[in-house]
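Welcome! Please take a moment to look over the chain shown below, and then we can walk through it together.

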Amino acid sequence: MATKKKSGKKKSVKAAKGGKRAERKVTRAKKTSAKPGSLAGTNPQRVAAILTKLDEAYPHATCELKHENAFHLLISTILSAQCTDVRVNQVTQELYKKYTKPEAFAYANPADLEMEIRPTGFFRNKTKSVMGASKAIVEQFGGQVPRTMEELLTLPGVARKTANVVLGTAYGIASGIVVDTHVLRLSERLDLTRNDDPKKVEQDLMAVIPQNNWIQFSHQLIWHGRRVCAARKPKCAECNLEALCYAPDKTV
Ligand code: SF4
């Protein structure tokens, strides 16, 4: 009898725990769906107001990777994966004196190149990408960095983010929106997307941002993310978007 009573008690404790878990799940689900109005973040007036504020704060935002031509911008962008632009610029300052043209990278000594780009991290994979992309540019594109998304995506180590950087910054072609870690975080905080996959986020942004703003919008969000809306402790008191922002992790 005593054993039975005990197991009954156990069952009721289990049931209570299970109930609480279920409740927490429901609460979480409610919280998610309770984000202010499913379309609130992307109504055209709000989006236009965000763009105006970004223009006011960053009228001259641009890519912070130093480069003199589309090819060097492509290489710098490949090197910038998981690395700061400041570090990449330090490395490329010397690198581009030695490797001026795609041929130089394409037929470089891989061991030398690995050591030269080592400070940017992931240097073995980056060496493969840099050499592979350079070789394809020399052998398939006549030494010129291609000007279309489709062609750029055929280059080793090049995905949409890198291709958008090159097309937008080097050629002024608005092929899409650069979605890096800052654009990802800020798009979510500003409720311009409910997705967290970069490809889906880019599609969401392209649907609500006018195409003639795509290039500048990417630069401005990246600048804002670096200067004000940091991942940890965003400086909301200094943010000119504060009145438009209802991010749950706002600091004011
Ligand atoms: S108010 Fe804060 S969280 Fe919102 S965009 Fe500005 S800095 Fe980022």
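Which helices do the buried residues of α11 pack against? They pack against α9 and α10, the latter spanning residues 181–189. Helix α11 itself covers residues 198–208, and its buried residues are V201, E202, D204 and L205. Viewed down the axis of α11, these buried residues fall within an arc of 160°, so they line one face of the helix. There is a simple background to such patterns: an α-helix has 3.6 residues a turn, so residues three or four places apart point the same way.

**The chain as a whole**

Please keep in mind that this is a predicted model. The chain holds 12 helices and zero strands, so to speak a run of α after α along the sequence: α-α-α-α-α-α-α-α-α-α-α-α. Of its 252 residues, 33% are buried. Among contacts with a separation of 6 or more, 60% join residues 24 or more positions apart.

**An enclosed helix**

Now find α3, at residues 70–79. Nine of its 10 residues are buried, so α3 is largely enclosed by the rest of the structure. Those buried residues are F71, H72, L73, L74, I75, S76, T77, I78 and L79. They pack against α4, α5 (102–106), α6 (110–117), α7 (123–140) and α9.

The pairing with α9 deserves a look of its own. Helix α9 runs over residues 160–171, and it packs with α3 at an angle of about 150°, the two axes being 10 Å apart. The crossing of α3 past α9 is right-handed. On the α3 side the contact is made by A70, L73, L74, T77 and I78, while α9 brings T162, V165, V166, T169, A170 and Y171. Sorted by class, this contact has eight nonpolar, three polar and no charged residues.

**From α3 into α4**

Following the chain onward, you reach Q82 in the loop between α3 and α4. D85 belongs to helix α4, which covers residues 85–98. Leaving aside neighbours within four places in sequence, D85 is in contact with E64, L65 and S80. The C-alpha atoms of D85 and C63 are separated by 9.3 Å, although the two residues are 22 residues apart along the chain.

How do Q82, D85 and another residue, K233, compare in their surroundings? K233 lies in the segment after α12 (214–227). The table puts the three side by side.

| Residue | Other C-beta atoms within 10 Å | Exposure |
|---|---|---|
| Q82 | 10 | exposed |
| D85 | 17 | partly exposed |
| K233 | 8 | exposed |

Q82 and K233 also have backbone angles to check. Q82 has a positive phi of about 60° although it is not a glycine. For K233, likewise a residue other than glycine, phi is positive and near 50°.

**Around the ligand**

How many residues surround the ligand? There are 13, and the closest are C229, P234, C236, C239 and C245. By class, this shell has nine nonpolar, no polar and four charged residues.

Notes
Residues are numbered from 1 along each chain as its sequence is written. This is a predicted model: local features need pLDDT of at least 70, side-chain atom pairs count only at pLDDT 80 or more; totals for chains, interfaces and linings use all residues. Helices (H or I, at least four residues) and strands (E, at least two) are DSSP runs, numbered from the N terminus. A residue is buried if 20 or more other C-beta atoms lie within 10 Å of its own, exposed if 12 or fewer, and partly exposed in between; C-beta atoms are placed from the backbone. Two residues are in contact if their C-beta atoms, placed from the backbone, lie within 7 Å. Axes are lines fitted to C-alpha atoms, for helices over the stretch in contact, and angles run from 0 to 180 degrees between N-to-C directions. A crossing is left-handed if the near helix is turned anticlockwise from the far one by less than a right angle, and right-handed if clockwise. Ala, Val, Leu, Ile, Met, Phe, Trp, Tyr, Cys and Pro count as nonpolar, Asp, Glu, Lys and Arg as charged, and the others, Gly among them, as polar. A residue is near a molecule or strand if its C-beta atom, placed from the backbone, lies within 6 Å of it. The arc is that of the directions from the helix axis to the C-beta atoms.
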